[in-house]
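Visitor: I'm new to this one and would like a close look at a single part of it. Could you take me through the sheet and the links around it?

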Amino acid sequence: MGRNPMRAAVTLCAAAALAVPLGTASAAPSAQPAARTQQTQDPVLLDCSGQPQIGPEAYVLACGDGNSRLVSVRWFRWDAQAAVGRGTNAVNDCDPYCAAGAFHSYPVTVRLDMPTGGEQGTGQSHFTRITLTYTDGRPDGSPRTVTYPLPG
């Protein structure tokens, strides 16, 4: 241990302490690609600019003006057939006109379905339909359940 045994002991302990996280970190990447591969097999949700998303917390429904969007979405199902979650639909009342309107929040259940076969664009399957079911109140004139086609 040479002339300073305390320094040598501290150095050995520090090296051992660093070796444990490095060993764990080097093992982590091998597990991560498998999770990514699984996610890419399920359909994605395309946003207004065509970018794929999986389980977004927020999503713009009215791509042209942003006057309807989903916020605080928590997904409890996302698989090859459908995705289901709960969140809030923030809708502009456009009163007296949209630029001066106010946003109102309505709790909704969200369902994505009708995935493509993945043959278009990047080859990745994406959902083509969204259904919102208002669970407590809804925008004026809106039915309790509404269904829209999705971009893509």
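In what order do the six strands of the open sheet come, and is the pairing parallel or antiparallel?

Guide: Happy to. Keep in mind that this is a predicted model. Let's start with the sheet itself. Six strands make up an open sheet, and going across it you meet β3, β4, β5, β6, β7 and β8 in that order, with antiparallel pairing. The edges belong to β3 (59-60) and β8 (145-149); each has a single partner strand, so one side of each is left without a neighbour in the sheet. As for what holds such an arrangement together, strands of a sheet pair through backbone hydrogen bonds, either parallel or antiparallel.

Now step inside the sheet. Strand β5 covers residues 83-92 and strand β6 covers residues 103-115, and the two pair in the antiparallel sense over ten bridges. If you want a spot to put your finger on, find Ala83, which stands opposite Leu112 in β6.

Next, the charged side chains. The structure holds four salt bridges. One of them pairs Arg74 with Glu57, where the closest N and O atoms are 3.7 Å apart. Arg74 sits in strand β4 (residues 68-78), while Glu57 is in the loop between β2 (52-53) and β3, so this pair ties together parts that are 17 residues apart in sequence. How open are the two partners? Arg74 counts as exposed because its relative accessibility is 53%, and the cut-off for exposed is over 50%. Glu57, at 46%, counts as partly exposed.

Another salt bridge brings together the side chains of Arg77 and Asp79, at 2.9 Å from N to O. Both ends are partly exposed here: Arg77 has 31% relative accessibility, and Asp79 has a relative accessible area of 23%.

Then look at Asp113 and Arg111, whose side chains meet in a salt bridge at 3.4 Å, N to O. Asp113 is buried, with a relative accessible area of 8%, whereas Arg111 is partly exposed at 33%. There's a third residue to bring in as well: salt bridges that share partners join Arg111, Asp113 and Arg129 into one network.

Last stop, the cysteines. There are two disulfides. In the first pairing you can look for, Cys48 is joined to Cys63, with 1.9 Å from S to S. The turn about that S-S bond is -85 degrees, which makes the link left-handed. Cys48 lies in the loop between β1 (45-46) and β2, and Cys63 lies in the loop between β3 and β4, so the pair ties together parts that are 15 residues apart in sequence. Cys48 is partly exposed at 37% relative accessibility, and Cys63 is partly exposed at 41%.

The other disulfide is formed by Cys94 and Cys98, with their sulfur atoms 1.9 Å apart. This link is right-handed, with 95 degrees about the S-S bond. Cys94 counts as partly exposed at 24% relative accessibility, and so does Cys98 at 33%. Number the bonded cysteines of the protein chain in sequence order and the pairing reads 1-2, 3-4.

To trace it all again on screen, begin at the edge strand β3, go across the sheet to β8, and then pick out the disulfides of Cys48 with Cys63 and of Cys94 with Cys98.

Methods:
Residues numbered from 1 in each chain as written. Predicted model: local features only at pLDDT ≥ 70, side-chain atom pairs only at ≥ 80, totals over all residues. Heavy atoms only, no water. Pairing = 2+ DSSP bridges. Helix = DSSP H or I, 4+ residues; strand = E, 2+ residues; numbered from the N terminus. Buried < 20%, exposed > 50% of the residue type's maximum accessible area, 1.4 Å probe, protein only. Disulfide = S-S within 2.5 Å.
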